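Dear colleague,

I am handing over the structure we spoke about, with the sequence alongside it. Below it you will find my notes on what turned up, beginning with the helix packing.

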Amino acid sequence: MRALLCLLALCAGVFAIPVNAASDVAGVKFEDNEQVAGQAAVLSGAGLRTRLMIKVYAMGLYLPKKATDAAAAISGNGAKRVHIVTLRDLSAEQFADALIKGFTANHDAGEMAKLQARLDEFKTTLLSIGEAKKGTSIAIDFVPGSGTRLAVGGAQKGKDIAGEDFYAGLLKIWLGNKPVDDDLKAALLKAG
């Protein structure tokens, strides 16, 4: 009997190990690893952004190493990526305005004064997209030594925006004290 229980426990452990641990969020698959400007980044967590019960986008957070703490994810060194896939058609204005609102909610007036010019530049680049149709892949990367890089459908948009502080400010949209979605924040920091 004891041998049978040991065998069952062993089999349960074998079957519990996922063959491919990539995350699936609302039909969007986020791979375990992505390359950010030639540097490896791992999926720390993935989740769903909803608004008034409507699925807006699926998002994966890629960091140099997994994080369960927002402060560590925001301030950690190395290449990072916010990978968003839209789940409905969005105008560039809707997307940009939502990001700006989330950014502003997580910064005081002094911080905003330091970041505003770069935020305006980022917003201009976002507006140049025009429309993000359902299924559009948007990557917001931090490239060490270069800055924040926006890519839509794999094509870079605009120029890199300098400063780790700016990318940290963007991460606060989802990981700050006033995240755009508490459930999404928890999912991004699941790291498990």
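In this model, which is a predicted one, the axes of helix 4 and helix 5 come within 10 Å and cross at roughly 85°. Since angles of 65 to 115 degrees count as roughly perpendicular, helix 4 and helix 5 are therefore roughly perpendicular to each other. On the side of helix 4 the residues that take part are E111, L115, R118, L119 and F122, and they meet D165, F166, L170 and K172 in helix 5. Sorted by class, this contact of helix 4 with helix 5 has five nonpolar, no polar and four charged residues.

Helix 4 (residues 109–127) also packs against helix 3 (residues 92–105), where the two axes come within 10 Å and cross at roughly 165°. Because an angle over 145 degrees counts as roughly antiparallel, helix 3 and helix 4 are described as roughly antiparallel to each other, and their crossing is right-handed. Helix 3 contributes A92, E93, F95, A96, D97, L99, I100, F103 and T104 to the contact, while helix 4 contributes M112, L115, L119, F122, K123, L126 and L127. By class, the contact of helix 3 with helix 4 has twelve nonpolar residues, one polar residue and three charged residues. When you look at helix 4 in the viewer, please note that L115, L119 and F122 are listed in its contact with helix 3 and are listed again in its contact with helix 5.

To set these helices in the context of the whole chain, the secondary structure of the protein comes to six helices and eleven strands. Of its 192 residues, 43% count as buried. Among contacts between residues at least 6 apart in sequence, 59% join residues at least 24 apart.

One example of residues brought together from distant parts of the sequence involves K185, which is found in helix 6. The C-alpha atoms of K185 and G45 are separated by 9.1 Å, although these two residues are 140 residues apart along the chain. If its neighbours within four places in sequence are left aside, K185 is in contact with A70, W174, L175, G176 and P179.

Turning to the charged pairs, the structure holds nine salt bridges, and I describe some of them here. R49 forms a salt bridge with D181, with 3.8 Å between the closest N and O atoms. R49 lies in strand 4 (residues 39–51) and D181 in the loop between helix 5 (164–175) and helix 6 (182–188), so this pair ties together parts that are 132 residues apart in sequence. Both partners fall under the 20% cut-off for burial, since R49, at 14% relative accessibility, counts as buried, and D181, at 9%, counts as buried as well.

The side chains of E31 and K29 meet in a salt bridge at 3.8 Å, N to O. Here E31 is partly exposed, with a relative accessible area of 36%, and K29 also counts as partly exposed, at 49% relative accessibility. A further salt bridge joins K133 and E131, whose closest N and O atoms are 3.6 Å apart; K133 is partly exposed at 46% relative accessible area, and E131 is partly exposed at 41%. In addition, salt bridges that share partners join E34, R81 and D141 into one network.

Finally, two backbone positions may be worth your attention as you go through the model. Most residues other than glycine have a negative phi. A26, however, has a phi near 50°, a positive value in a residue other than glycine. A26 is found in the loop between strand 1 (23–25) and strand 2 (28–30), and with a relative accessible area of 42% it is partly exposed. The second position is M53, whose phi is near 70° and is likewise a positive value in a residue other than glycine. M53 has its place in the loop between strand 4 and strand 5 (54–63), and M53 is exposed, with a relative accessible area of 81%.

With best wishes

How values were computed. Residues numbered from 1 in each chain as written. Predicted model: local features only at pLDDT ≥ 70, side-chain atom pairs only at ≥ 80, totals over all residues. Heavy atoms only, no water. Axes fitted to C-alpha atoms, helices over the stretch in contact; angles between N-to-C directions. Helix = DSSP H or I, 4+ residues; strand = E, 2+ residues; numbered from the N terminus. Parallel < 35°, antiparallel > 145°, perpendicular 65-115°, else oblique. Left-handed = near helix turned anticlockwise from the far one by under 90°. Contact = heavy atoms within 4.5 Å. Nonpolar A, V, L, I, M, F, W, Y, C, P; charged D, E, K, R; others polar. Salt bridge = Lys/Arg side-chain N within 4 Å of Asp/Glu carboxyl O. Buried < 20%, exposed > 50% of the residue type's maximum accessible area, 1.4 Å probe, protein only.
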